[in-house]
Amino acid sequence: MEHLDLDGVESARERPFFVASAGASGVQTNGTPHCELGHVLPGHAVHGDDGIFVRWNWDGERLTVENDRYGIYPLFYSHYGGEIRISPAIQHVLNGDFPKALNYPGLAVFLRLGFFLAEDTPFEHVHVLPPGSRLTWEQGQLELKRGSREAHCPSPMPQNFDETVEVYQNLFRQAIERRPPPENGYDLALSGGRDSRHIFLELLHQGHRPRSVVTVQGASPIKNEDVLLANRLARATDIDHRIVRYDGSCVASVLKDAELTSHCSSPHTWLISLAAYFSRAKSECIYDGLAGDILSGAHQMSERKLTLLQTGRTQDLAELLLREMNREPAIKACYRRAFIERIPESLAVDRIAAELERHRGASSPLQSFVFWNRTRRSIALLPFGLLGQVKTIYCPYLDHELFDFLMNVPPGYNMQKAFHDETIKRRFPEVSHIPFDSPNTEPAPQPETLRHYRACAREGLSFAMGQPLHFTRSRLLRSGRLALMLARTSLAIKPSKPWYLQTLLRGMEMDRISAHP
């Protein structure tokens, strides 16, 4: 196992940006005037350029910004007082001279669901570029043309489950063929699940052996299921398998996670070790299973939810989604009453219900809602935020033809994991004996887990008390209660998990940023 820290992990400040400000003396600019990020595939798509990308160009008079069909590559922008600021990192946008007021309706949803909706961010005057859009700015005037979220139904669609599996196999094979690795190879993060396994096996089938295959062993008390299953796959295919683990500062990992995901994703600090690994390996190309779970695995879907949405009971569905997450006790424990009054649960319900209504016309409306919000606004920030220093990140599940097909597959197929399982097993029978779940996994030994809990709490308490302006005087956090919780965990013989630490550290960051005009 390789033990890694934050050495070599990119700072969000290293990401490009551009600023243009119109004033009496003309337009003043700063930053990178011409930029292309991500990758564009050769022109075979009917929805515009395939690939995941954002690009902008300043010609001396007009700024033009375009992004991919899905809006997966993040681009944050602000337009305030005749100035526009753009960047894939929200930190550059927040350098602007505009109010850093919090976006309370957006936060009401984010703190309960773990992702923002549509173009929301934590800040009222900062937005995300919508999918497939074209933004132009000239002499202080902004125009935004939004793209379509429609998934065109292939004709003809297969008529039964077996035919659907066969089409899935062929379209996924084609998606990989369209995304061959460069001559200097690629690296692959392999878990025990379906998405990365499908990519791994198809790449091997097409003759592309990876430079390295790596799996993350999360910190205590995360079980070792991914490591065990990925190792079995690697041994069955005679591929060298590496295991990485982050052993650095707990506080530093939380802050780095929030920084690289621009404060717009739920915590995924266990992936910090991947960022460190790819940086050390000088990886220029990786493959990511983004959207595979929702497009062919029915993530977060059920018959009940689908029925509520199809019958227009969006308020009821919004309330059900919030009940499943059950974040109200944590919100009340960590945040001040004045802040909670600005983000009531009723506000979140209304915002979610309105967004659900926008997806009712889709062939699979619940799948559409989850993809265009959770996947696009939160999960996409893992490869294109946490791992954003890698030059090329291929996402084969977002091949235009494959995406259109999977979005039109009958919801009943997707609500059974058998759909993706069968697609993989029938394509690669030689490894069909390796399960997708392992009954033999186990968490780290209890003494190690308890030491980890105490260490995180002690480090968190030390950090918080060293930042009195944004902790003890926080306008958002219940500082006294949180300090007591940290102290108890630090001293307990058998401490419970300090689940509140992520909330505390991220809340302090929100307080710090929003405190500045």
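A polar contact is a pair of N or O atoms within 3.5 Å; inside a protein, one of the two must be able to donate a hydrogen and the other to accept it. Keep that idea at hand, as we will need it further on. The structure above is a predicted model, so let us walk through it from the whole chain down to single residues.

Start with the overall picture. The protein chain contains 21 helices and 16 strands. Along its principal axes, the C-alpha trace spans about 65 × 60 × 50 Å. Is that what a compact globule would look like? A better way to put it is this: what radius of gyration does the chain have, and what would a compact globule have? With 517 residues, a compact globule would come out near 24 Å, and this chain has 23 Å, which agrees. Of the 517 residues, 56% count as buried. Sequence distance tells us something too: among contacts between residues at least 6 apart in sequence, 75% join residues at least 24 apart.

Next, look inside. In soluble globular proteins, nonpolar side chains tend to be buried together. Here the largest nonpolar core has 155 residues, and Ile352 and Leu398 touch the most other members. Take Ile352 and set aside its neighbours within four places in sequence: Ile352 is then in contact with Val109, Leu113, Leu117, Ala318, Leu321, Leu322 and Phe369.

Now find the open sheet. Its six strands are ordered S1-S14-S13-S12-S15-S16, and their pairing is parallel. Strand S1 (2-4) and strand S16 (392-394) stand at the edges; each has a single partner strand, so one side of each has no neighbour in the sheet. From one strand to the next, the twist averages 30°. For a closer view, pick strand S13 (residues 212-216) and strand S14 (residues 241-246), which run parallel and are joined by four bridges. One residue to look for is Val216, whose bridge partner in S14 is Val244.

From the sheet we turn to a helix, H18, which covers residues 418-427 and holds Asp421. The buried residues of H18 are Phe419, His420, Asp421, Thr423 and Ile424. What covers them includes helix H3 (161-177), helix H4 (194-205), helix H8 (292-296), helix H16 (400-407) and helix H17 (411-414). Is Asp421 buried or exposed? Its relative accessible area is 12%, and buried means under 20%, so Asp421 counts as buried. Here the opening definition comes in: the side chain of Asp421 makes a polar contact with the side chain of Arg194, at 2.5 Å. Leaving aside neighbours within four places in sequence, Asp421 is in contact with Arg194 and Phe436.

Finally, visit some backbone details in the loops. Most residues other than glycine have a negative phi, and most peptide bonds are trans. Ala118 has a positive phi, near 55°. Ala118 sits in the loop between helix H2 (104-113) and strand S9 (127-128), and is buried, with a relative accessible area of 14%. His263 also has a positive phi, near 60°. You will find His263 in the loop between helix H6 (250-260) and helix H7 (272-280), where His263 counts as buried at 7% relative accessibility. As for the peptide bonds, a cis one joins Ser155 and Pro156, with omega about 0°. Pro156 lies in the loop between strand S11 (141-145) and H3.

Notes:
Residues numbered from 1 in each chain as written. Predicted model: local features only at pLDDT ≥ 70, side-chain atom pairs only at ≥ 80, totals over all residues. Heavy atoms only, no water. Core = buried A, V, L, I, M, F, W, Y, C linked by side-chain atoms within 4.5 Å. Buried < 20%, exposed > 50% of the residue type's maximum accessible area, 1.4 Å probe, protein only. Contact = heavy atoms within 4.5 Å. Helix = DSSP H or I, 4+ residues; strand = E, 2+ residues; numbered from the N terminus. Pairing = 2+ DSSP bridges. Axes fitted to C-alpha atoms, helices over the stretch in contact; angles between N-to-C directions. Rg over C-alpha atoms; globule rule 2.2 N^0.38 Å.
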